[in-house]
Amino acid sequence: MKKIPIGISSCLLGETVRFDGGHKRDSYIVGTLAEYFDFQPFCPEVAIGLGIPRPTLHLVRSEQAIRCVGIKQPDNDVTDRLRNYAGQLKPSLVDLCGYILKKDSPSCGMERVKVFAGAQPKREGVGIYADEMMRNHPLLPVEEEGRLGDAGLRENFIQRVYVLYRWKQMLAEGLTPHKLTTFHARHKLIIMSHADYRDMGQLLAGVTKENLVLVAEQYITQLMAVLKTVVKRPSHVNVLQHIQGYLKKELDADDKAELCEVFERYRSGEIPLIVPITLLKHHFRKCPDAYIEDSYYMSPYPQELRLINQL
Ligand code: SF4
């Protein structure tokens, strides 16, 4: 499979672009994710000509807005230059399927960046470049390297990356009403783990060649928003039970009891999601079902990423 294009703060790849000439190489990103993602690095502070090393910046609250200025040179306001750089980059980021940002940075931070207004800074800011980039690309899955240490957030981000990648592949091959409804059918169980999939199904009910582009835009906007919710165990159990329903004629009483027990042990946190999914896959290998085989729920991304082993 082709590697998926992902934007990233350069310093996370080990590039020595930080204000002090250092980097923030992240071993999970460079060691594991780089096997699947084609990282495209961007350092906005270097790109606007601030140099390496450079004086440090921070966010300050002025009367109208949050600005990015030098800590020692408050007159050095780089806010507009960072926003303009994000604007210039906009066309070259349209193929990306995700973006990993450096946490806490006044340029790259996705959330909770320190904003200085009085004696005590508040963690209420967004890096200026990150803010503009996310505004320009509202569908793009975005995450910070620090939050990727959390199993639920990590899985959620990578899940969204793969969904958007499949969406872009479908668009590249040429969109038709049939392809759109097939895309929905194959993602229905994933959507079901996040929300009521029937709402999105209704959106597609009236799709025609004439309204295809509009409906597709509404669909992907809704889908990427719905997928932002991190799925809780009870929601996965609902989906697992739903999947088991496709085996109701094939399983004997012992098999059903075993699945039921495994689902409950997963619900209580005793075992990870990989266990009930492996057991279901085992049954579907013996009793294949076309709908379940096509669904991405049990194989949403390469299993070597080992994401559901930790959920
Ligand atoms: S956090 Fe962003 S601006 Fe700072 S060094 Fe890393 S890539 Fe450059």
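Strand 3 (residues 57-61) and strand 4 run antiparallel to each other, joined by five bridges. Welcome to this predicted model; the pair of strands is a good place to start looking. The two strands make a hairpin, with four residues between them. If you want one bridge to find by eye, take L57, whose partner in strand 4 is G70.

Strand 3 has a second partner too. With strand 6 (residues 113-116), strand 3 pairs in the parallel sense, over two bridges. Here L59 stands opposite V115 of strand 6.

Now turn to helix 3, which spans residues 79-89. Which of its residues are buried? They are T79, L82, Y85 and A86. These residues sit on the same side of helix 3, because they cover an arc of only 135° around the axis. An α-helix has 3.6 residues a turn, so residues three or four places apart point the same way. On the other side of helix 3, D80 and Q88 are exposed. The buried residues pack against three elements: helix 2 (44-47), strand 4 (66-70) and helix 4 (128-136). Strand 4 thus appears again, as the hairpin partner of strand 3.

Next comes the backbone, where a few spots deserve a look. Most residues other than glycine have a negative phi, and most peptide bonds are trans. The bond from I52 to P53 is cis, with omega near -10°, and P53 lies in the loop between helix 2 and strand 3. Two arginines have a positive phi, as the table shows.

| Residue | Phi | Place | C-beta neighbours within 10 Å |
|---|---|---|---|
| R112 | near 55° | loop between strand 5 (99-101) and strand 6 | 15, partly exposed |
| R306 | about 55° | segment after helix 12 (290-294) | 11, exposed |

R306 counts as exposed because 11 C-beta neighbours lie inside 10 Å, and the cut-off for exposed is 12 or fewer. R112, with 15 such atoms within 10 Å, is partly exposed.

The model also holds a ligand. What surrounds the ligand? Its shell consists of S9, S10, C11, V17, R18, C43, P44, E45, K102, S105, S107 and C108. By kind, these residues divide into five nonpolar, four polar and three charged.

Finally, step back to view the whole chain. The domain assignment gives domain 1 (4-149) and domain 2 (173-311). The C-alpha centres of domain 1 and domain 2 are 34 Å apart.

Key. Residues are numbered from 1 along each chain as its sequence is written. This is a predicted model: local features need pLDDT of at least 70, side-chain atom pairs count only at pLDDT 80 or more; totals for chains, interfaces and linings use all residues. A residue is near a molecule or strand if its C-beta atom, placed from the backbone, lies within 6 Å of it. Ala, Val, Leu, Ile, Met, Phe, Trp, Tyr, Cys and Pro count as nonpolar, Asp, Glu, Lys and Arg as charged, and the others, Gly among them, as polar. A residue is buried if 20 or more other C-beta atoms lie within 10 Å of its own, exposed if 12 or fewer, and partly exposed in between; C-beta atoms are placed from the backbone. The arc is that of the directions from the helix axis to the C-beta atoms. Two residues are in contact if their C-beta atoms, placed from the backbone, lie within 7 Å. Domain bounds come from an automatic or database domain assignment. Two strands pair if DSSP finds at least two bridges between them.
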